[in-house]
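Here are a few notes to read alongside the model. I hope they help as you look through it.

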Amino acid sequence: MSTSETTARLSVGDQAPDFTLQDAAGKSVALSAYRGQKTIIYFYPAASTPGCTKQACDFRDSLESLKSLGYQVLGISPDKVSKLEKFVNKEELNFPLLSDEDHAVAEAYGAWGEKKNYGRVYEGLIRSTIVLDEEGKVTLAQYNVRATGHVAKLRRDLGIDPK
């Protein structure tokens with residue numbers, strides 16, 4: 001893919017592409033195992049960076065409330081399994097983080113493409129959140145989200161918390 005392209009983004013009603021990735025413990029996790037449950041998949045650029053840590057801890061702190069409403073959470077980044085393991089342990093994360101080193105899943109979900117930072121243009125992971133219903137269909141697709149405050153905004157957008 002050239003730097004001028006961004007992968008096609010998912011829209012409400014789309015069937016989410018299936019995947020199987022390794023979690024922080026090196027175990028295979030398949031999206032198909034989450035059928036029958038609402039699933040929040042969030043893509044983040046790099047474990048242990050300030051924004052990604054804030055976002056992951058926000059999901060950690062909100063997980064019981066989300067689970068009580070039938071939501072599961074999966075975090076996906078291009079990090080190696082060993083880096084995810086350190087991140088999970090350090091931040092005491094209570095949901096799966098998955099390694100997408102070749103960014104194939106991020107591309108399939110439209111979360112990989114052109115980014116701009118301080119005037120520099122490059123390809124990278126676009127911080128994104130995709131929410132799936134029990135059948136694996138997209139009910140919410142958010143791209144270029146902010147790390148700070150994202151979980152609170154997501155909860156409002158899902159109708160969990162008042163606006």
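Which residue just after H4 takes a positive phi?

1. That residue is Gly-159, with a phi of about 80 degrees. Please keep in mind throughout that this is a predicted model.

2. Staying with H4, which spans residues 150-157, you will find four names worth marking: His-150, Val-151, Leu-154 and Arg-155 are buried. They lie on the same side of H4, because the arc they cover around the axis is only 135 degrees. As a reminder, residues three or four places apart in an α-helix point the same way, since there are 3.6 residues a turn.

3. What do these buried residues pack against? Their partners are S3, H1, strand S8 (128-132) and strand S9 (138-143).

4. Two of those partners, S3 and H1, bring us to the aromatic rings. Tyr-42 and Phe-59 form a stacked pair, with 4.4 Å centre to centre and 20 degrees between the planes. The pair links distant parts of the chain, as Tyr-42 belongs to strand S3 (residues 38-43) and Phe-59 to helix H1 (residues 50-68), 17 residues apart. Tyr-42 is buried at a relative accessible area of 0%, and Phe-59 is buried at 0% relative accessibility.

5. Do look at the wider setting of that pair too. The structure has seven aromatic pairs, and ring pairs join Tyr-42, Tyr-44, Phe-59, Phe-87 and Phe-95 into a cluster.

6. Finally, two charges sit over rings. The charged end of Lys-38 is over the ring of Tyr-71, 4.5 Å from its centre. Arg-120 places its charged end over the ring of Tyr-122, 4.3 Å from the centre of that ring.

How values were computed
Residues are numbered from 1 along each chain as its sequence is written. This is a predicted model: local features need pLDDT of at least 70, side-chain atom pairs count only at pLDDT 80 or more; totals for chains, interfaces and linings use all residues. Side-chain values use heavy atoms; hydrogens and water are left out. Rings of Phe, Tyr and Trp (its six-membered ring) pair if their centres lie within 6.5 Å; planes under 30 degrees apart count as stacked, over 60 as edge-to-face and the rest as tilted. Helices (H or I, at least four residues) and strands (E, at least two) are DSSP runs, numbered from the N terminus. Buried means under 20% relative accessible area, exposed over 50%, partly exposed in between (1.4 Å probe, protein chains only). A charge sits over a ring if NZ of Lys or CZ of Arg is within 6 Å of the ring centre and within 35 degrees of the ring normal. The arc is that of the directions from the helix axis to the C-beta atoms. Contact means heavy atoms within 4.5 Å.
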